[in-house]
Amino acid sequence: MSKLAINARTTTRPAVPPAPRWAEFAAKATVLTTVPSGLWRIAFGFGIPVGFTGATAARYAEHQPGWGTVYVVVLSALAEALAFLTVGLVRPWGQLAPRWIPLIGGRAVHPLAAIVPGALGSAFLTVLGITAAVGGWGRNMAEPDSPHGAAGLVMTLAYLPLVAWGPLLGAVTIDYARRTLSRR
């Protein structure tokens, strides 16, 4: 198929070349960056001891299980869903919305509708990751009630992959922009 129909009318544009292998790998890796922290949060939300002590542990224990559990499960699912959107930048559904989506199903995705949120998300996540890596995380983990020892290491290792989310999203977004905007 050499042409991609924009809508039911006769308007067409040249086909977008497929994503390179590295971009597909980066998109899949982006999805995986949120999994460890999500699993850690969900365990924490269900009241599994993860190393918090003192007043902090007591404050969390009041809501777990309970609304705290719902909160961390929803937060983890939201992070995973947002990370999964990166896959759309390397798949056909990032160019033509699936028919099952209300209002936009079957219509072409305007490249900027994916590029702008991807670029803004990448910038935000990269700044957040850098801020955490250069001191924010260390200050938080230095608090007396924060997890220490093995529990602190597990928590750090669970959250560390999130530092890669922004740069990976940025690389995939740049590739998507290169492939889609050059065809207009």
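Here a biologist asks a modeller about a predicted model of one chain.

Biologist: Before we start, what are the ground rules for this model, and what is the average pLDDT of the chain?

Modeller: Residues are numbered from 1 along each chain as its sequence is written, and side-chain values use heavy atoms, leaving out hydrogens and water. It's a predicted model, so local features need pLDDT of at least 70 and side-chain atom pairs count only at pLDDT 80 or more, while totals for chains, interfaces and linings use all residues. pLDDT is the predictor's confidence in each residue, from 0 to 100. Here 91% of the residues score at least 70, and the chain average is 90.

Biologist: Which element has the lowest mean pLDDT?

Modeller: Helices (H or I, at least four residues) and strands (E, at least two) are DSSP runs, numbered from the N terminus. Helix α1, residues 21-33, sits at the top with a mean of 98, and at the bottom, with 45, is strand β1, residues 3-5.

Biologist: And how many contacts does the stretch with pLDDT below 50 have in the model?

Modeller: That stretch is residues 1-11. Where pLDDT is low, the predicted coordinates should not be read in detail. With a contact meaning heavy atoms within 4.5 Å, and looking beyond near neighbours in sequence, the number for residues 1-11 is 18.

Biologist: On to the aromatics: how are the rings of tryptophan 40 and phenylalanine 52 arranged?

Modeller: Rings of Phe, Tyr and Trp (its six-membered ring) pair if their centres lie within 6.5 Å; planes under 30 degrees apart count as stacked, over 60 as edge-to-face and the rest as tilted. The whole structure has eight aromatic pairs. For tryptophan 40 and phenylalanine 52, the centres are 6.3 Å apart and the planes are at 65°, so the arrangement is edge-to-face.

Biologist: Why does that pair tie together parts of the chain, and how far apart in sequence are they?

Modeller: Tryptophan 40 is in helix α2 (residues 35-45), whereas phenylalanine 52 is in the loop between α2 and α3 (54-61). The pair therefore ties together parts separated in sequence by twelve residues.

Biologist: What about phenylalanine 44 and tyrosine 60: what is the angle of their planes?

Modeller: Phenylalanine 44 in helix α2 and tyrosine 60 in helix α3 are 16 residues apart, so to speak a link between distant parts of the chain. Their ring centres lie 4.9 Å apart and the pair is edge-to-face, because the planes are at 90°.

Biologist: Is phenylalanine 44 buried or exposed?

Modeller: Buried means under 20% relative accessible area, exposed over 50%, partly exposed in between (1.4 Å probe, protein chains only). Tyrosine 60 is partly exposed because its value is 32%. Phenylalanine 44 has a relative accessible area of 10%, so it is buried.

Biologist: Which residues form the aromatic cluster?

Modeller: Both pairs we just discussed sit in it. The full set is Trp40, Phe44, Phe52, Tyr60, Trp137 and Tyr159.

Biologist: Any backbone oddities? Which residues does the cis peptide bond join?

Modeller: Omega is about -10° there, and the proline is in the loop between α3 and α4 (67-84). The residues joined are glutamine 64 and proline 65.

Biologist: And which residue has a positive phi although it is not a glycine?

Modeller: The phi is about 70°. The residue lies in the loop between α4 and α5, and at 81% relative accessibility it counts as exposed. That's leucine 103.

Biologist: Salt bridges next: how far apart in sequence are arginine 91 and glutamate 24?

Modeller: A salt bridge is a side-chain nitrogen of Lys or Arg within 4 Å of a carboxyl oxygen of Asp or Glu, and the structure holds three. In this one the closest N and O atoms are 3.6 Å apart. Arginine 91 is in the loop between α4 and α5 and glutamate 24 in helix α1, a separation of 67 residues.

Biologist: Which residues make up the salt-bridge network?

Modeller: Aspartate 175 bridges to arginine 178 at 2.6 Å, N to O, and to arginine 179 at 2.8 Å. Aspartate 175 and arginine 178 are three residues apart in helix α7 (residues 162-181), which means about one helical turn between them. Arginine 179 and aspartate 175 are both buried. The bridges share partners, and the network they join is Asp175, Arg178 and Arg179.

Biologist: Last one: which helix gives the largest share of the nonpolar patch?

Modeller: Patches are made of residues with over 30% relative accessible area and no salt bridge, like charges being joined within 9 Å and nonpolar side chains (Val, Leu, Ile, Met, Phe, Trp, Tyr) within 5 Å. This one holds Leu112, Val116, Leu120 and Leu181, with about 350 Å² of accessible area together, by the Shrake-Rupley method with a 1.4 Å probe and, for residues, only the protein chains shown as cover. Three residues of the patch come from one helix, residues 111-141: helix α5.
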